[in-house]
Amino acid sequence: MSKPRLYSGMQPSADSLQIGNYIGALMQWRDLQESYDAFFSVVDLHALTQPNDPSELREKTRRTAAQYIAAGIEPAKSTLYVQSHVRAHAELAWVLSTITGFGEAGRMTQFKDKSARYGTDATNVGLFTYPVLMAADILLYQTDIVPVGDDQKQHVELTRDLAERFNSRFGEAFRVPKPVIQKDTARIYDLQNPTSKMSKSAESDAGVLWLLDDPSKSAKKVMRAVTDSEGVVRYDRDEKPGVSNLLVIYAALTGREITSIEDEYAGRGYGDFKKGLAEVVVSEFGPVRERALELLDDPAELDRVLAANAARAEEVADRTLGDVYDKLGL
Ligand code: ADP
Ligand code: NA
């Protein structure tokens, strides 16, 4: 029997990923690729919804792909490719946009938040149809599961609705995917502002740990992380968001239970705890960074791997799109 399909992706929106992307997404992808036929994309078409310098976008796309591989996504096992290399994404997105209600798209909270923040004149139509492109990404591959953060759950619900709608109007073309929502304990917060999520698009990077940063720089950021005045290493998201966040990072990177880490640092100060975490961060990310830099040192080889993977993705995507066109009378 063939393995169930999995689809996920990330935008190439920065030169480096941050450790929230690593803990919340890449570590899970790395495990899931064993039991699923996994497709992981770098969604550069989605990135066009933000202003981009073209040569920088190309570089960020390459860097994001290199970090997937460095984090353990195996291009020989999973299909790791760049979204724009497979033309079917844009084509299916157009088709799906014609069965998406205007009001339905307007109810997407991510779009509502962004357009409220920037105003509709500064918001582009691509941002409005973003979830439709995401639905196309997922549906092209006859996906069974989509691992996503909580903020993307609504988009996967829309994807399911569109798949069911198309299937019932025109005949079965799509498998209806299920979201797998990331665990709360996999959510990483900003080290300086531990109630807002760590993000590669954060305004200040003082509280962001970058995957490609020099490990000594990350160690310093850990040592400067915001804590509290209690002086006890104890998990309590409400009362002690800073310390809890550090505990979550520690546990995620070592595979240990939070309680065992609390026990280890019982009766010791935050300085010791941070030093311990800094060592964990350096030993986990040092090799990942080195591997990513090695891959980036040989862009021709990286491009070759990405092209081969895009060809594999295209084979599956074109089959779905061909069936869709057929059913629509195109
Ligand atoms: P960013 O905010 O860094 O731009 P994205 O929104 O592009 O991140 O998300 C890419 C992937 O990384 C998603 O799967 C998302 O759930 C995960 N992710 C992003 N930030 C975090 C975080 N702080 N903690 C856990 N997972 C995260
Ligand atoms: Na993103």
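How far is an oxygen atom of ligand 1 from an N or O atom in the side chain of Gln182? The separation is 3.3 Å, in a predicted model where local features need pLDDT of at least 70, side-chain atom pairs count only at pLDDT 80 or more, and totals for chains, interfaces and linings use all residues. Residues are numbered from 1 along each chain as its sequence is written, chains are lettered from A and ligands numbered from 1 in the order written, and side-chain values use heavy atoms, without hydrogens and water.

The table lists polar contacts of the ligand (pairs of N or O atoms within 3.5 Å).

| Ligand 1 atom | Protein partner | Distance |
|---|---|---|
| nitrogen | Gly20, polar backbone atom | 3.1 Å |
| oxygen | Gln182, side-chain N or O atom | 3.3 Å |
| oxygen | Lys200, polar side-chain atom | 2.8 Å |

On its own, ligand 1 has 530 Å² of accessible area (Shrake-Rupley method, 1.4 Å probe), of which the protein covers 86%. Around ligand 1 stand 16 residues, each with a heavy atom within 4 Å; Gln18, Ile188, Lys197, Ser199 and Lys200 come nearest. This shell comprises five nonpolar, eight polar and three charged residues, Gly being counted as polar. Helix 1 (residues 19-35) gives the largest share, four residues.

The protein is divided into domain 1 (5-181 + 298-328) and domain 2 (215-293), with bounds from an automatic or database assignment. Their centres, taken over C-alpha atoms, are 32 Å apart. Nine residues of domain 1 and eight residues of domain 2 form the contact, defined by heavy atoms within 4.5 Å.

Definitions and conventions. Polar contact = N/O pair within 3.5 Å; in protein donor to acceptor, adjacent residues only side chain to side chain. Helix = DSSP H or I, 4+ residues; strand = E, 2+ residues; numbered from the N terminus.
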